[in-house]
Amino acid sequence: MGLFDGVAGFGVTFSTMFRKVVTEDYPRVKKVTAPRYHGRHQLNRHPDGLEKCVGCELCAWACPADAIYVEGGDNTDEERYSPGERYGAIYQINYLRCIGCGLCIEACPTRSLTMTNEYELADDDRQDLIYDKERLLAPLLPGMEQPPHPMRLGTDEQDYYVQGPEMARRSDVQDAVREEIPMVPPREPAPQDGVSTEAVEQSSVMSTGEKR
Amino acid sequence: MTQAPEKPSEQDDLPPVPEGHVRLTIDDRIVDAPQGELLIRTCERLGIVVPRFCDHPLLDPAGACRQCLVEVEMGGRKMPKPQASCTMTVAQDMVVNTQMTSAVADKAQQGVMELLLINHPLDCPVCDKGGECPLQNQAMSSGRAESRFVEEKRTFAKPLPISSEVLLDRERCVLCQRCTRFSRQIAGDQFIELLERGAHQQIGTEETAFGEGEDFQSYFSGNTIQICPVGALTSASYRFRSRPFDLVSTPGVSEHDSSGAAVRRDWRRGAVTRVLAGDDPEVNEEWIDDKTRFAFRYTQSAQRITRPMIRGEDGSLVETSWTEALERAAGLLTAARDGEGPAPVDTDGEALEPKRGVGVLPGGRLTLEDAYAYAKFARLALRTNDVDARARVHSGEELDFLAAHVAGTGLGVTYGDLEEAPAVLTVALEVEEEAPIVFLRLRKAARTGTAVHHLGQWSSPAVVKTGGRLVRCAPGREVEALATLPDPVADGLAQPGAVVLVGERAAEVPGLYAAVSELVARTGARVAWVPRRAGERGAVDTGLVPTLLPGGRAVDDETARAALASSWGVADLPATPGRDTAAILRAAADGELAGLVVGGVEIADLPDPDLARAALGAADVVVSLELARSEVTEYADVVLPVAPVINKAGTFRNWEGRDRRFGTTIDPSGGSAGRVGGTAATTLPDCRVLDTLAVEMDVDLFTQTPEVAGTELARLGTGRPATVGPVRGPEHPDQPETTDEEGTELRLASWRQLLDGGALLADEPDLAGTARPPRIRLSATTARRLGFAEDDPAEVEGPRGSLILPVEVADLPDDVVWAPARVPGTDGTTVVTLAGLGLGHGGPVRLGGGSPMSDGSPS
């Protein structure tokens, strides 16, 4: 037993006092996730606001946790939610079951379903954790129109699918294109060429504050 | 590749080729195949799957899609090109190499697949066939991973409704012609055809070709949807409702007719999303009619009763608990049975003889088990034989006929017998409208040489499509027509294996059942009774008619009664034969019977709806066991909900006498899968409800579940026991009186059409859209005499009302009017029946709205 044995035990304690703290100041300061973090899902829209979801249920089929329930519906000329014949009339994701594996977004044939970085998925009511279509749909951006409405960007769904990337680059719909925009606030505040500040702000709101 | 050097040595060891067979080599395996077998079937038997689209075992070979190419070698020489294995028959010493062993065949198949996919859209995610699509599967198994086709695909407008049920997507079509071949060969409705040529070749109807024309009107159109190997034909009612991979498929039996057709019910979240044909070669092969296929939403109708109801003090029905409802029903029924109800008073206030007894009208849609429970309930709990399942035209003569030829006879004439028969005569049976699966078999038989004769009034579609052999007679004169059958018909029926099919409508013509009985005795033909409803045959065998006990035992046979009483564990059974449906209703209306227990009976179906309403109004006690609110509900004191066929197990005994067992499709008590999104109600089968009701009346039925009831019935036996003496044949009643004004008075001929707004067709607008439009039919001479042109509105006038329908000229006898027996109203709920107008088949009728008004406005 040496003289300093009693103090030596505090060595770790003392040295830690001078290290950087690992405690997060959450929820006052939100954690910024990795860009490809599997957060809450989002149902994307075409640049004119029509839904990309065609109600094909492939996400539900791919889901290993049986967390997704979809029912298709029939688009009509009077009431159109998506280009083409079919849209997702009912779309529910049960976050009590979702394991965030991302197989659903791999399965999506229209890139309708993607995942945001939103991770605050706790609630005190089980029923509220079954997100329906209204809560999953991406918010309407400037230039978008709340469906149902006719196809604004072409005469049939091929125009949306085949010329989609081209349309996305066109200046008049550029502001509205969200999918190309990173979901986290960029490290450099200066906006990239072709990405407007407005859209970036919108997306940062999306990734953090858009709860319920 | 060739087997030639090895063959002699191998064949030395092999047994000789059986008679009528050939020996060939497929993929290096030596196989014996019956002569004439198609190569693709032989491959199937060996477990070699050759991809195919157009090939269907029940359709004639077409060789349309070319997907099944294989390499064939005959006599040591290869055929210059790969051959379609679905059209080539086997031959001695043939050497076949499929894609498994031949690079040539594999390359040929890949090439065909690439060609078929050139114009096929990439819309699998939104296609209803996606997930169960032969094209999708085979493109994955034997197609290319990458498309080389970069040009624009051919497009068409889509979806194109070719009827209110079937949607056509021409882009997806691979021109396999299964649908057109089905229409031509099986159903006989040629409304869909291959049009145009080359790249523009497409499936279409008259309407798509010329802009106008008839719809794809067929009672079997749904089968084309099922056999379409791509998503070119899809169902309007199933459109985008779900994907095959989230459906649970449960085998079942059709509840819509007496065919006993095997079906497959696909369901999800407590609700059936579609019904498909099951595969039963002995019964329906792989086909069902559209009523069976598309009418399934009645279980979710807003009219469904899911909770027991009793009539409150204020006269309105209120929902209540099972306990209270059963107690109330038992109390009322016991009082009514024993005549302890309120004594009726006459107009002067004098007390009359108290009403006594309860009549039972269970309806014709019961499973065998439920029917047995009803029969036992009537005999033990209500102590009566006043029970009759025949909610339709009926007669005492029919009871004799049923006792002699149907009850307890087991499996009689079968579908297979129809196919084999040299001649078939249908009497009082319009097969396509009243027994569609029998029609399909008769049509198949007619195509292979059976002479199918119809005793009827005009060349209806069924007559035309089964060979056009009509024995035309005036309505009501069927008895004479049977006595004086033309020689070819009589000779045909005298051949061994000939069959006479008699429909339930024979009861409309006095003496017709007797005449049929006489005819089969005279010619030696076999006879089968083909009723319309699913439960009719079971009801006869379980004793739901007033003169028969379960198993075809006669009520007035003392030994049979004693035997049944001892096996039921009671001292005795009611000995007097009961009243039939009409007599029960008459007795209730006249104040003799105090109560009625009514099952699934529609008042409009009864021979005298007004009498039925009077009876239900006059009865002290009406207990209704129903699926959905009906007209009876308005009169009921207690309403007990019962389970639809999808929520219970059971057996339908079809017209052949074949037991068609089925399990529960959706068990509402079996966890969330059965409840969520569907009807949350856990309704009980009739046998359970009756069992519990009987317990309240201090009687044990032992029919708590269909299984228990079925076991007891099986132990009892529904075959006629040896102790029963020979049954009485029907006595020949008086001939119908002839009219004195022969030639001037019109006679009515009538039968029900398949889709005419029945209770189980609720909530099916797409199906109703393909119903045959109701028409009045007249001969050209009569139409001219009365001043009607085609499509003129005419008014059928009966003693109790009239009905206006457009006129169509057909080959009826002169002075005969044909009208459908039941016409759904435009709103889909109200129906007009000829019986309700006081009219009947063979009876006199007046026709209003002739020439003076023919150019006036139709109503």
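**Sheets and interface of chains A and B**

In chain B, strand β13 (residues 262–268) pairs with β12(B) in the antiparallel sense over 6 bridges; two strands are taken to pair if DSSP finds at least two bridges between them. Strands (E, at least two residues) and helices (H or I, at least four residues) are DSSP runs, numbered from the N terminus. The model is a predicted one, in which local features need pLDDT of at least 70 and side-chain atom pairs count only at pLDDT 80 or more, while totals for chains, interfaces and linings use all residues. Residues are numbered from 1 along each chain as its sequence is written, chains are lettered from A and ligands numbered from 1 in the order in which they are written, and side-chain values use heavy atoms, with hydrogens and water left out.

Within the β12–β13 pair, B:T250 stands opposite B:R265 of β13(B). The pair belongs to an open sheet of 3 strands in chain B, ordered β12-β13-β14, with antiparallel pairing. β12 (248–253) and β14 (271–277) of chain B are the edge strands; each has a single partner strand, so one side of each is left without a neighbour in the sheet. Neighbouring strands of this sheet are turned by 30° against each other on average, direction ignored. Such angles are taken between axes, which are lines fitted to C-alpha atoms, for helices over the stretch in contact; angles run from 0 to 180 degrees between N-to-C directions. In a regular strand the side chains alternate between the two faces of the sheet.

A second open sheet in chain B has 6 strands in the order β16-β15-β27-β26-β25-β17, and its pairing is mixed. Its edges are β16 (317–319) and β17 (358–361) of chain B, each with a single partner strand, so one side of each is left without a neighbour in the sheet. The twist from one strand to the next averages 15°. At the β17 edge, β17(B) runs parallel to strand β25 (residues 595–598) of chain B, and 4 bridges join the two. B:G359 has B:L596 in β25(B) as its bridge partner.

Two helices of chain B lie across strands of this sheet. Helix α9 (residues 322–337) lies across β15 (309–311), β17, β25, β26 (621–626) and β27 (638–641) of chain B, and runs at about 125° to β27(B). Helix α21 (residues 581–589) lies across β17 and β25 of chain B, at about 140° to β17(B).

Chain A also contains paired strands. β2(A) pairs with strand β3 (residues 86–94) of chain A in the antiparallel sense over 7 bridges, and A:Y69 stands opposite A:Q92 in β3(A). β3(A) in turn pairs with strand β5 (residues 130–131) of chain A, again in the antiparallel sense, over 2 bridges. Here A:I93 stands opposite A:Y131 in β5(A).

The strand β2(A) leads to the interface with chain B. In the contact between the chains (heavy atoms within 4.5 Å), 14 residues of chain A meet 17 residues of chain B. The two chains bury about 1,300 Å² between them, 54% of it on carbon and sulfur atoms; buried area is the accessible area (1.4 Å probe) that two parts lose on being put together, summed over both. The chains are linked by 6 salt bridges, each a side-chain nitrogen of Lys or Arg within 4 Å of a carboxyl oxygen of Asp or Glu. One of the salt bridges joins B:R239 to A:E85, with the closest N and O atoms 3.0 Å apart.

There are also 6 residue pairs in polar contact across the interface, both residues at pLDDT 80 or more. A polar contact is a pair of N or O atoms within 3.5 Å; within protein, one must be able to donate a hydrogen and the other to accept it, and residues adjacent in sequence count only if both atoms are side-chain atoms. On the side of chain A that touches chain B, the elements giving two or more residues are α3 (58–62) and β2 (68–74) of chain A. β2(A) gives the most, with 6 residues. The residues of this side divide into 7 nonpolar, 2 polar and 5 charged, where Ala, Val, Leu, Ile, Met, Phe, Trp, Tyr, Cys and Pro count as nonpolar, Asp, Glu, Lys and Arg as charged, and the others, Gly among them, as polar.

Some backbone details lie in loops. A:D66, in the loop between α3 and β2 of chain A, has phi near 55°, a positive value in a residue other than glycine. The peptide bond from A:Y26 to A:P27 is cis, with omega near 5°; A:P27 lies in the loop between α2 (11–17) and β1 (41–43) of chain A. In chain B, a cis peptide bond joins B:K158 and B:P159, with omega about -10°, and B:P159 is found in the loop between α4 (134–142) and β7 (160–161).
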